[in-house]
Amino acid sequence: MAISAFAVKVPAAEPMVGDLRRLYDATSALGVPAHITVLVPFMDPARITPEVLERARQALSRTPSFSFALNKVGRFPETAYLAPEPAAPFIEMTLALVEAFPEFPPYGGEHDSVVPHLSVAHGKALDADAAADELRARLAASGAVHAACIEIALIENSTGKWRDMHVFHLRRAASFLPSIQ
């Protein structure tokens, strides 16, 4: 069955994680770039109407654009990831979408809490161990990845490959505006 997902693409992370994702994350071969998931699974793309898009836009409009850094390696049992700092805006967007679409809990309700993350390895604990070690070395050598969240992509996989279905632009935060004298 086709699904959709809300994701923050992080192209700034590709130089650090792209080769590791190709080795250890099968979604990379399906067209999924380095990203932080906001909500998955979401509804079948065939059911997404202009009204659904408007409801999602309203939910996402609560969070203004923001900067973040990826400077810490995290682990789930079979996953190695980079954790965004701050995490709060990602959590806020997830909770706003869940409030608007309660029939679509994050990760199908498998987890008790929302942990924003950019997956680098997923599927096998040994692969996640290797990826985590390499990520720590790369962070030590080059420092954090810095990025900005200015939009959220609604992606879908009805063809077997993931592609953008819609992009939601976040409003500019006051901190992104130049100071006026």
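**Notes on a predicted model: salt bridges and a buried serine**

1. A good place to start is R163, which is partly exposed at 44% relative accessibility. In this predicted model, R163 makes a salt bridge with E156, with 2.5 Å between the closest N and O atoms. Its partner E156 is buried, at a relative accessible area of 0%.

2. The strands around this pair are worth a look as well. E156 stands opposite R163 in β8, and strands β7 (residues 151-156) and β8 (residues 163-169) pair in the antiparallel sense over six bridges. Six residues separate the two strands of this hairpin, and G160 in the turn has a positive phi of about 100°.

3. E156 also leads us to S4, since E156 is among the residues that S4 touches, along with L154, I155 and W162. S4 lies in strand β1 (residues 4-9) and is buried, with a relative accessible area of 0%. A polar atom of the S4 side chain lies 2.7 Å from the backbone oxygen of M43.

4. Elsewhere, R138 and D19 form a salt bridge, their closest N and O atoms 2.8 Å apart. This one links distant parts of the chain, with R138 in helix α4 (residues 125-142) and D19 in helix α1 (residues 14-24), 119 residues apart. D19 is partly exposed at 32%, and a network of salt bridges links D19, E134 and R138.

5. For a local example, see R57 and E54, whose side chains meet in a salt bridge at 2.6 Å, N to O. Both lie in helix α2 (residues 50-60), three residues apart, or about one turn of the helix. R57 is partly exposed at 38%, and E54 is partly exposed at 33%.

Key. Residues numbered from 1 in each chain as written. Predicted model: local features only at pLDDT ≥ 70, side-chain atom pairs only at ≥ 80, totals over all residues. Heavy atoms only, no water. Helix = DSSP H or I, 4+ residues; strand = E, 2+ residues; numbered from the N terminus. Buried < 20%, exposed > 50% of the residue type's maximum accessible area, 1.4 Å probe, protein only. Polar contact = N/O pair within 3.5 Å; in protein donor to acceptor, adjacent residues only side chain to side chain. Contact = heavy atoms within 4.5 Å. Pairing = 2+ DSSP bridges. Salt bridge = Lys/Arg side-chain N within 4 Å of Asp/Glu carboxyl O. Lists of a residue's contacts leave out its neighbours within four places in sequence.
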